[in-house]
Amino acid sequence: MTLPFSPYQEIASIAARFVSEDGEVATPIDNLFLSRRSSPTQPLHTAYRPCFALVLQGAKSLRLGSDTLNYGTGDYLLTSLDLPVASRVTEASEQQPHLCLALAIDGETLATLLRRIDVPRQTTDASVLRGMAVNVAPPELLDAAVRLLRLLDRPNEIAAMAPLIVEEILYRILMGPDGPRLLNIAMAENQGNKIARAVAWLRGNFSKPLRIEELAERVNMSVSSFHHHFKSVTAMTPVQYQKQLRLHEARRLMVVDRLDVGTAGFRVGYQSPSQFSREYSRLYGLSPLRDVESARDPVAAE
């Protein structure tokens, strides 16, 4: 398929009108978000939920465990389950800001689509099972993304047309190189689905002591198989995953809720303040106190 127009120019123009300042905004279309950055950023430690994210302008870099993913205009990031990452914008300026659209993947919408279509069950190796990947968006996927954004200028059509186009985007992903990633998580009999269930449990219980044997049993896997598949999907061990969840939440508690260092560490499951400070410094590059002071007052911290 060859598009008879420049999709990047049109889609970036639409996005720029709806996100005129730096930050992320929700759109009138369910689960569709637009983001803008007018300059390169420092690494931001956060958690990505299942989503399709298309770069409209500029470039970004993301670290997942030991993996580094770089993606720019026309590339899309697919995230198939909840993953803690460090991301930063690498190319952006006032004249050419970084622009991105992100479509959160709704599990029920995906399941409904899978009940209606026959998706080839491809044989995949461990690297393809990773829960996050970058690919070049093919013309069919770009065309659907453009038509979805056009609805922002025709709000009376959103209720009727947006769900259809969202399903088309999911279909294009399923039929492309990242189809196995979504299937691995969505199909109940797959190992990836069991890891997704383990991840969901960890997100809801990260402050509790982690007992690998119990978690493996919870998702009906042997300990060795659980370890292997968990790292294949998330690029980290269960302990490393839990640690990042704890530290992300501790930082939020200190920066947003203004808890002191000791209370925040204890709240997320650390019994040892020294261990909390050591692991926090290793992840964020600063002690908890210095990092929080910098986040609250970046000018004074320079």
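Let's start with disulfides. In this predicted model, the count comes to zero. Take Cys 51. Cys 51 is in no disulfide, and the nearest cysteine sulfur, that of Cys 100, is 8.1 Å away. Why is there no bond from Cys 100? Because its closest cysteine sulfur, in Cys 51, is 8.1 Å off, which is too far for a bond. The cut-off for a pair is 2.5 Å between the sulfur atoms. Now, are these two cysteines buried or exposed? Cys 51 counts as buried, at 12% relative accessibility. Cys 100 is buried as well, with a relative accessible area of 8%.

Next, the nonpolar cores. As background, nonpolar side chains tend to be buried together in soluble globular proteins. Here, the largest nonpolar core has 45 residues. Which of them touch the most other members? They are Leu 62, Leu 64, Leu 77, Met 132, Phe 226 and Tyr 241. Helix α9 gives the largest share of this core, six residues. Apart from this core lies another one, of 42 residues. Leu 34, Leu 56, Leu 78 and Leu 182 are among its members.

Stay with Tyr 241 for a moment. Leave aside the neighbours within four places in sequence. Tyr 241 is then in contact with Asp 82, Leu 83 and Pro 84, among others. Val 199, Leu 202 and Arg 203 are also contacts of Tyr 241. So are Phe 230, Thr 234 and Met 236.

Now a polar residue, Asn 184. Where does Asn 184 sit? Its place is in helix α5, residues 179-186. Asn 184 is buried, with a relative accessible area of 9%. Again leaving aside neighbours within four places, Asn 184 is in contact with Leu 129, Asn 190, Gln 191, Gly 192, Asn 193 and Val 233.

On to pockets. A general point: rolling a probe the size of a water molecule over the atoms shows where empty space is left. How much space lies in the largest pocket? About 1400 Å³. The largest pocket is lined by 46 residues. Nearest its centre are Leu 44, His 45, Thr 46, Tyr 48 and Ser 87. By type, the lining of the largest pocket divides into 25 nonpolar, ten polar and eleven charged residues.

The second largest pocket has a volume of about 330 Å³. Its lining is made of 18 residues. Gly 65, Gln 240, Lys 243, Gln 244 and Leu 283 lie nearest the centre of this second pocket. Which elements give two or more residues to its lining? They are β5 (59-64), β8 (83-91), α9 (238-255) and α11 (273-284). Helix α9 gives the largest share, four residues. The lining of the second largest pocket divides into eight nonpolar, five polar and five charged residues.

Last, two backbone angles. Ala 235 has a positive phi of about 65°, although this residue is not a glycine. Ala 235 is found in the loop between α8 (223-234) and α9. At 7% relative accessibility, Ala 235 counts as buried. Arg 258 is not a glycine either, and has a positive phi of about 60°. Arg 258 lies in the loop between α9 and α10 (261-267). Is Arg 258 buried or exposed? Arg 258 is exposed, with a relative accessible area of 57%.

To close, look again at α9. Helix α9 gives the largest share of the largest nonpolar core, and the largest share of the lining of the second largest pocket.

How values were computed:
Residues numbered from 1 in each chain as written. Predicted model: local features only at pLDDT ≥ 70, side-chain atom pairs only at ≥ 80, totals over all residues. Heavy atoms only, no water. 1 Å grid on protein atoms, 1.4 Å probe; cavity = no way out; pocket = protein on both sides within 12 Å on 5 of 7 lines; lining within 4 Å. Points joined across faces, edges and corners; volume = space filled by probe spheres on them. Buried < 20%, exposed > 50% of the residue type's maximum accessible area, 1.4 Å probe, protein only. Core = buried A, V, L, I, M, F, W, Y, C linked by side-chain atoms within 4.5 Å. Contact = heavy atoms within 4.5 Å.
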